[in-house]
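The following questions and answers set computed values against the definitions behind them. Please view the structure first.

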Amino acid sequence: MQKIIVTIPGDLSSEQVTSVYRGERPIALGSWIRPSESATNAFYLIGKSFRLTSDPTEATFTIASHTRYRLYVNGEYVGAGPVPGGRDCSYADSHKIASHLKKGTNHILLNVESLGVPICSREDKTPAVNFRIEITQRKQTVCVLSDETCKFRRNNAYLDHGGRVSEDLGFKEVYDAKAGTEMFAAPKLSDKSWKPVELIKEDDIILPRLIDPLAETTVLPVSILGVYNSPERPKDFPIDDVPKAVSEAELSPLKSGSIDNADNLLTGEGAVTVKTPRGDKPVAVVLDFGRIVSGSIFIEADDSAAGIIDISYGETLSGDTPEADRNDVMQADRIILKKGPFIRNGFDRRSFRYVMLEFRRLAKPLVIKSLRAVERLADMPLTGSFECSDDILNKIWKRGANTLRLCMQDVLAESPFREQTQWWGDISIMGRSIYYAYNDTSYLRQAILQTLDGQYEDGMFPARYPSGTKKVYIDCAQDFLTSVCDYYGYSNNKELMVGAYPQVRNLVRFFDKYLNSDNLLENVEEKIFIDWEDYDTSGISTVINALYCGILRTAAIIAEAAEKYEDAEKLVERADTVKKAINKFFYIERKGLYCEGMKDGKLRDDFLRQTNILLILSDVPDYYRKAGIFRMLSFSHLPQIVTPYFSSKLNRAYIMNHRNNDAIYNTRKNWSNMLRNDYDTLREDFEGMGGMCYGWSTAPVGGLIGQYLGIKPVVGSRRFAIAPHAGGLKRAKGGIMTDQGPLNVSWYLGKHTFNLKVEVPEGLKVDIYPPGGPDCGITVNGEDYPINFISVSGGVYEIVVIQPFNEKTAEDNFAGRTRGSVEVLDEIYSLGKRKSLHLGLRKPKKPKEEPAGEPAETEETSGIIIAKREPGTPSSFTLPVIEQEKTRAPRRKRMLITVRRKGEEEILFTTSPSADFGRIEKRNNRNKKKKTKTREAETTAPEVVETAPVPETAEPQPEPVKEPETGRKTITIKRKKAKPEPVKAETAPEPEPVAEAKPAKKSRKRISIKKRESRAAVVSESE
């Protein structure tokens, strides 16, 4: 017994603050202590006793631990943890324990795990702990620290009889109920069984927990599938053989033994009495919890005697029993009963929906007081929502949101079933979806910081981390960089990108040793995952070089954020060099696809769907080759996509190339297979062979809100853009939670209208891009609106886009006319192809003076900000100047076209490049005839208008030219030189010939051009 009055340690000195990129200040606890012995598949108790002179008013227990622990104060369970740390840091949990302390002697007991082997989700470390207890009593604060006065002993309640659950997870638990009761009694540290702990010197940085504490909730079974007699088993039947035996068992109706009041298991109230027959015939009960549960089974009994309870878990059924042996994951635990009451709460988590309890060789009736499942998951309310006219998509969204909840554990686990760790293929999808569904970025931030901490010496990032096993995949490294950019877009936390850049640069240097004379990677030793495909990446692999190109482009964006502008330019140039080499060697014209690479100096004659999709995402093909690849993807002779992980990449490729209808079709086609059961989660694969709850299947949660409601955060600013897409839907509604409050969007299609309603919380700025072509009319809250770029602040806005009358329905009119994309989160990865990135992070060069008549100011009326000239809009990016005589403003801005004539001053025209990039003229001409005369040039006119005289002999020759940014046509008008004798400069042309030169929809030889088929037209004049 020891009375401790200790002053609280002061703040750490600046020399001790070594966390550079994390942004948190390390904390000081006590001393690192551990048992002086260790064993495999064992648990140790670490205890400390101290006295208090009065009841405390406040008390906080802060602990860092290398392995999993459970905390008991005076025999009462308090909490568990921790977040797994990396090689250089540990994370501390804080528990409020004032209600568990008392005046007099108090006992702290920690049950810590000693695996002795590496597992997928944690490194193999000794059970070392470091804690501090701050207690306030009578206006005095005392502190109890971990030090050499602590004692330890082996926890005999957990036996080492169980083997591994799988090669990636821990062990099956064999629990001795009699020894387990000792944890809830006051530890007698003076007893000889308790030994002094060992002090160790540990260089770990201790940081505050980066995510909120997990909440423990109770889950009761919803039904009893049956009460049976299971096949006989001998007394010494090994626990490792139980999962297979249960999966293959043939049960018979209960005839020997009994289970009285079994229905009490469903309510959690009332006792259940179990009797077994003499001999080895068990009594079994199969419970259905109605959904996937990620947790443990808690059992409390008032009375018991010698006997055995085997608990088997399964996400699915095999006949009448849980499929406890599935995909090499064998989930089973055992309780060895002794005389007297007991409490057992499983230490490790299991993933299950069905549980079978087999009672064997009970010496007397067992009275079960309580049986339930206990989950430890993030305590986050669902703040996002989505509902549309397609009920299949609604079910997919709801199941995806619930899948995310089960994966939010101490880390962002890819699944509660198989590996329970952070795979970057999964995190790159879950990070986006959690932001939209739960308004959280802390999980993504934690995963990024942990992975930065785990970078290997050669520069490669781990594919999963923290982990006891090394896994490296090139595509996971690209997913990691993408998620770094995602985090910045969602949180506006630029510091993390800046701090990460030196390590990103090391990743790029990792590939230098594989570059050949053609600037392509050759004979890369590292593996790729892609889509569970068995890829032959020997020689020069197209897919590896596609991933390398994507890594370079994303690294350029991070370099731009870190203000390393020269590095960014070099990275883009290198990506362009790789792009040219891939196009030169591997594109096969006759196939319209890229082959898989080159081996032994010969092109490989095989073609994969996955490789060509990755090339599109890395912006390797040009516009026409992309279109050809998308056509080829519809053919069945190419290998099909297997996983939801890669199918979500196909959806991204569709969306980034303005094929939202195709993305909806792909989602319905594949994800609808997961609805053919009564689960509320999304599976690992489309065929139902893997786990029943998997994070990489949740892409539609973020995608449906981000693309079809059109809600996206604007990179580098605290505002949002809304650009809804119909995508074949007739209506949609939903929203997300922002720091200022809920942002809600709803829309529906009328016969010739697109009706949009946006609810913006006070203090938030939102840019709205309604769909529709340049001939559409727009009203905002019932009043005509001149442009289709609407910037609003707090309020409710009802926007109607009116399509001119024609025979088509609104579904046809708006399906292909919706704004393709907004320069926000989903599009920044393609910007690496440009030599001038300007992501809102770097000040663009000072623009040339704007001509008179182009005011830069804005005017605000009733919460709507009308942008008369948009350059400088925070949500835009600055594009490079195309030519000296043609200056195109940022996307969703209008164009300025300069026409130079010999001996004359410059003449300026303005035009709207498409309905998507901004309407400038207020028009509502549904019932008006088309005007054939040339309109006068106005700053608000969306057409190109000429005010200067035109020679009578001028004959414009339109030539369609591809526009790389939008895929639209560019029309260049060339004019013949006018002879000086017959035509004078001050003589205007006769109107009649001009009218004859362009009858309605027949001749395109006019100076004022309005091309309905092309939504973006760039017009230039030469002498």
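Q: What makes strand 4, strand 5, strand 21 and strand 30 part of the account of the second largest cavity?
A: Strand 4 (69-73), strand 5 (76-81), strand 21 (283-303) and strand 30 (366-378) each supply at least two residues of its lining. Strands are DSSP runs of E of at least two residues, and helices are runs of H or I of at least four, numbered from the N terminus. The model is predicted: local features need pLDDT of at least 70 and side-chain atom pairs count only at pLDDT 80 or more, while totals for chains, interfaces and linings use all residues. Residues are numbered from 1 along each chain as its sequence is written, and side-chain values use heavy atoms, with hydrogens and water left out.

Q: Why is a space called a cavity?
A: On a 1 Å grid over the protein atoms alone, a cavity is a set of points where a 1.4 Å probe fits but cannot get out; lining residues have an atom within 4 Å of a point. Grid points are joined across faces, edges and corners, and a volume is the space filled by probe spheres set on the points. A search of the whole structure finds 13 cavities of 30 Å³ or more, and the second largest has a volume of about 360 Å³. It is lined by 23 residues, with Arg-68, Phe-347, Arg-349, Arg-376 and Asp-410 nearest its centre.

Q: How do you know that helix 11 is largely enclosed by the rest of the structure?
A: Buried means under 20% relative accessible area, exposed over 50%, and partly exposed in between (1.4 Å probe, protein chains only). Nine of the nine residues of helix 11 (residues 609-617) are buried, so this helix is largely enclosed. Among the buried residues are Arg-609 and Leu-617. The cover over them includes helix 9, helix 10 (565-586) and helix 12 (623-633).

Q: What makes a set of residues a nonpolar core?
A: Such a core consists of buried Ala, Val, Leu, Ile, Met, Phe, Trp, Tyr and Cys residues joined through side-chain atoms within 4.5 Å. The largest one has 167 residues, and Trp-747 is among those with the most contacts inside it. Helix 9 (residues 542-561) gives the most to this core, with 14 residues.

Q: Why are strand 32 and strand 36 said to stand at the edges?
A: Two strands pair if DSSP finds at least two bridges between them. Three strands form an open antiparallel sheet in the order 32-35-36. Strand 32 (540-541) and strand 36 (602-603) each have a single partner strand, so one side of each is left without a neighbour in the sheet. Two bridges join strand 32 to strand 35 (residues 597-599).

How values were computed. On a 1 Å grid over the protein atoms alone, a cavity is a set of points where a 1.4 Å probe fits but cannot get out, and a pocket is an open set with protein on both sides within 12 Å along at least five of seven lines; lining residues have an atom within 4 Å of a point. Contact means heavy atoms within 4.5 Å.
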